[in-house]
Amino acid sequence: MEEMEEASNQNPRATVTNRNLNDLPEELLLHILTCLPILESVQTSLISQKWRPLWSRVPSLNFLFELFPPYEPPLDTRQFFAEFIDRVLILRSNSPIHTFRLSFIYHGHYRSHVDSWVRSAITRLRTRELYLDFFIHKDFHNEETHNHRYDFPFSVLRNGCVAILGLTRCDLTLPAKMSTLRFCSIGSMFLNEVYLTDQAMRDLISGCPNLEALDLENCLAHHHMKICSTKLKRLALRYFYDSELEETILVDCPNLCSISFNCCAFDKFVLKNAWSLVEFRVDILHKIDRSYRYWNKVVRLLGQAPNVKHLNVQNWWFKFLTSKDSFPKSFMIHNLNHLELRTGFTQYDLVGMAALLKLCPNLETMMLDYLFKIEEDETLSEEFSSKPVKLSMPSLKQVTVTSYTGTEDEINFMKILSTQGVALEKIILVLGHVGAKSRLQMVLYRNASQSWKCYAPDLSPTTLNYIDSEIFKQGINWLFESCLVF
């Protein structure tokens with residue numbers, strides 16, 4: 001006892017810190033534990049008597065194999081990890097949890113373990129969100145692990161209340177007569193490398209009558225897939241890419257509000273009953289020789305979605321609008337009020353931007369993001385290379401440039417923007433060369449006398465002394481010199 005008092009006197013901070021921690025309300029302590037890896041959360045039971053039971057009442061369980069201490073040989077790591085999860089779930093109280101997250105390198109030897117964890121999370125702990133990742137990263141795999149895939153027993157979900165389901169790199173066993181079982185709790189689903197036939201997709205959607213959000217990544221097991229639902233509101237398709245297959249996908253969801261395509265190479269895509277669609281996103285690897293063909297197919301779907309208000313797309317518009325496969329001359333995106341465009345600022349990019357803006361007479365806000373180009377732009381004809389660019393912006397009020405670096409092309413664009421934007425009120429520049437930890441902004445705004453002024457409280461000409469890039473300095477100086485006040 002005397003030794004403990006002596007130690008306390010020598011290190012009073014330890015006693016104060018321990019006492020302060022114990023004085024915190026239990027809700028806050030549980031929140032702290034939720035932010036820790038599960039192994040560290042369990043170890044906090046050694047802090048004091050008050051902390052001893054807390055780990056078993058945290059609202060989220062995150063069993064992440066990549067954060068577990070490694071052992072040699074690596075096979076022992078999996079064994080110890082499985083035993084650790086078994087032990088935690090045995091000692092865990094039956095209080096419901098919000099999230100159960102597992103990442104694991106699956107092998108058939110662990111089938112009974114994983115089945116037990118999944119059933120415990122769904123039926124005993126009543127988790128609302130369930131995420132199972134059996135891939136993690138390619139560095140965790142070898143020839144042996146690639147031959148083993150977990151077969152997720154979908155029917156067990158009937159005994160729980162899972163609202164959000166995420167599955168990565170596993171098989172999906174659907175119960176017979178899926179449509180009659182009614183998995184009503186599931187509202188959102190993310191599937192990655194869960195290969196589905198057209199029939200399996202129809203059964204999955206019909207069996208989940210309240211499914212509103214579906215995110216599919218590399219899930220096509222057959223050349224054709226139909227996604228038909230009257231409930232679905234958000235759909236994301238990612239990495240459907242195989243140049244040897246002629247893939248066809250049909251989407252018929254009359255209440256769909258948002259659709260996203262990321263690296264999708266469909267031979268044919270059909271979009272029906274898309275009058276509720278207000279958000280449209282397409283992102284395809286920017287290679288002119290082959291990828292443009294897929295981008296073209298997706299962008300043409302805008303002709304089937306007359307009410308799109310938010311558009312997120314890369315700048316291939318000059319090539320598209322001058323091709324035979326473009327929209328009819330009468331086509332307009334009348335309802336579009338927000339545009340996110342991934343683009344550069346070369347003459348080629350500006351001509352494409354001008355072509356797109358002509359289609360959007362009611363556009364009010366525009367965000368310009370950096371576009372990584374794998375190949376150089378195509379050569380413009382003399383007609384377009386020397387012709388001044390005119391941007392049609394009758395309703396545009398605000399423009400944001402996310403990575404302004406002060407290049408000559410960017411300065412040229414700023415001059416066009418500030419002189420041709422008749423309704424433009426504000427230009428926001430996120431400075432790209434200041435550093436990731438300090439993303440400074442400059443705001444250019446038009447005052448009552450229609451002059452442009454610059455507001456940049458964190459940036460002044462003196463700050464430029466600490467910036468290495470001469471091009472960036474010149475670009476910033478031009479902004480200061482062009483505005484009356486800074």
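Me: What do the buried residues of α9 pack against in this predicted model?

Reply: Happy to walk through it! The buried residues of α9 pack against β6 (170-173), α8 (178-181), β7 (188-192), β8 (213-217) and β9. Packing here rests on contact, meaning heavy atoms within 4.5 Å.

Me: Which residues of α9 are called buried, and why?

Reply: In helix α9 (residues 198-207) they are Asp198, Ala200, Met201, Leu204, Ile205 and Gly207. The word applies because buried means under 20% relative accessible area.

Me: β9 came up as a packing partner of α9. What makes β9 and β11 paired strands?

Reply: Two strands pair if there are at least two bridges between them, and β9 and β11 (residues 248-252) have five, so they qualify. These two strands run parallel. One example of a bridge partner is Asp252 in β11, which is matched with Cys228.

Me: Where do β9 and β13 stand in the sheet, and why does each have a side without a neighbour?

Reply: The open sheet has three strands in the order β9-β11-β13, with parallel pairing. β9 (224-228) and β13 (268-272) are at the edges; each has a single partner strand, so one side of each lacks a neighbour in the sheet. From one strand to the next, the twist averages 5°.

Me: How do you know which side of α3 is buried?

Reply: In helix α3 (residues 26-34), the buried residues are Leu29, Leu30 and Leu33. They span an arc of only 100° around the axis, and therefore lie on the same side of α3. Glu27 and His31, on the other side of α3, are exposed, a word that stands for over 50% relative accessible area.

Conventions. Residues numbered from 1 in each chain as written. Predicted model: local features only at pLDDT ≥ 70, side-chain atom pairs only at ≥ 80, totals over all residues. Heavy atoms only, no water. Helix = DSSP H or I, 4+ residues; strand = E, 2+ residues; numbered from the N terminus. Axes fitted to C-alpha atoms, helices over the stretch in contact; angles between N-to-C directions. Buried < 20%, exposed > 50% of the residue type's maximum accessible area, 1.4 Å probe, protein only. Arc of directions from axis to C-beta.
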